[in-house]
Amino acid sequence: MDPIMVISVLGGLILLILLMGAPMRPVRFIGQGFVKLLIGALFLFFLNAFGNQFGIHVPINLVTSAISGFLGIPGLFSLVAIQTWVL
């Protein structure tokens, strides 16, 4: 397909969504989930930065970010416990 045609179709779809309005509840839900994933990754980054002195390292990936982001500090502590005693 011609790149100009693809860009035109995508631009038209974006314009259509902007004019008609997207359902806000799914968009808000996806946005909140993405923000929680970023917060979870930030929690894990600081845990690895400060926990390195104590030998604590939890890898940062999609699953661990989701656990620490959606569950918060208790989820972060559970990841540390699993990393320390189980693995």
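Which residues are exposed on the other side of α3? In this predicted model, L62, V63 and L71 are the residues of α3 that are exposed there. The report below sets that helix in the context of the whole chain, and then turns to the core and to selected residues.

## Overall architecture

The protein contains 4 helices and 0 strands, and reading along the sequence gives the pattern α-α-α-α. Its radius of gyration is 20 Å, well over the 12 Å that the globule rule gives for 87 residues, so the protein is more spread out than a compact globule. The C-alpha atoms occupy a box of roughly 55 × 30 × 20 Å along the principal axes.

Of the 87 residues, 18% are buried. The protein exposes a surface of about 6,900 Å², and 78% of this surface is supplied by carbon and sulfur atoms. When contacts between residues at least 6 apart in sequence are considered, 54% of them join residues at least 24 apart.

## Helix α3 and its two sides

Helix α3 spans residues 62–71, and T64, S65, S68 and G69 are buried within it. Seen down the axis of α3, these buried residues fall within an arc of 125 degrees, so they line one face of the helix. The other side of α3 carries the exposed residues L62, V63 and L71.

Both ends of this helix have a describable local feature. At its start, a side-chain oxygen of N61 comes to within 3.2 Å of the backbone nitrogen of V63. After α3 comes G72, which has a positive phi, near 80 degrees.

Two of the buried residues in α3 can be described further. S65 belongs to helix α3 and has a relative accessible area of 5%, which makes S65 buried. Leaving aside neighbours within four places in sequence, S65 is in contact with K36, L37, G40, A41, L44 and I60.

T64 is also located in helix α3, and T64 counts as buried at 10% relative accessibility. The side chain of T64 reaches the backbone oxygen of P59 at a distance of 2.8 Å. Not counting residues up to four places away in sequence, T64 touches L44, V58, P59 and L79.

## The largest nonpolar core

Which residues make up the largest nonpolar core? The core consists of L44, L47, V58, L76, L79 and V80, 6 residues in all. Helices α2 (24–51) and α4 (73–86) each supply at least two residues of this core. The largest share, 3 residues, comes from α4.

One of the core residues, L79, also has contacts with α3. Apart from residues up to four places away in sequence, L79 touches L44, V58, T64, I67 and S68. Among these partners, L44 and V58 are themselves members of the core, while T64 and S68 are among the buried residues of α3.

## Residues outside the buried set

The loop between α2 and α3 includes N52 and I60. N52 is exposed, with a relative accessible area of 57%. I60 is partly exposed, with a relative accessible area of 44%. Leaving out residues up to four places away in sequence, I60 touches A41, L44, F45, N48 and S65. The contact between I60 and S65 thus links a residue of this loop to one of helix α3.

G31 lies in helix α2 and is partly exposed, with a relative accessible area of 31%.

Each of N52, G31 and I60 can be paired with a residue elsewhere in the chain, as the following table shows.

| Residue pair | Separation in sequence | C-alpha to C-alpha distance |
|---|---|---|
| N52 and I7 | 45 residues | 47 Å |
| G31 and W85 | 54 residues | 34 Å |
| I60 and M5 | 55 residues | 39 Å |

## Summary

The predicted model is a chain of 4 helices and 0 strands that is more spread out than a compact globule. Its largest nonpolar core has 6 residues, with α4 giving the largest share. In α3, the buried residues line one face, and L62, V63 and L71 are exposed on the other side.

Key. Residues are numbered from 1 along each chain as its sequence is written. This is a predicted model: local features need pLDDT of at least 70, side-chain atom pairs count only at pLDDT 80 or more; totals for chains, interfaces and linings use all residues. Side-chain values use heavy atoms; hydrogens and water are left out. The radius of gyration is taken over C-alpha atoms; the globule rule is 2.2 Å times the number of residues to the power 0.38. Buried means under 20% relative accessible area, exposed over 50%, partly exposed in between (1.4 Å probe, protein chains only). Contact means heavy atoms within 4.5 Å. Accessible areas come from the Shrake-Rupley method with a 1.4 Å probe; for residues, only the protein chains shown count as cover. The arc is that of the directions from the helix axis to the C-beta atoms. A polar contact is a pair of N or O atoms within 3.5 Å; within protein, one must be able to donate a hydrogen and the other to accept it, and residues adjacent in sequence count only if both atoms are side-chain atoms. A nonpolar core is a set of buried Ala, Val, Leu, Ile, Met, Phe, Trp, Tyr and Cys residues joined through side-chain atoms within 4.5 Å.
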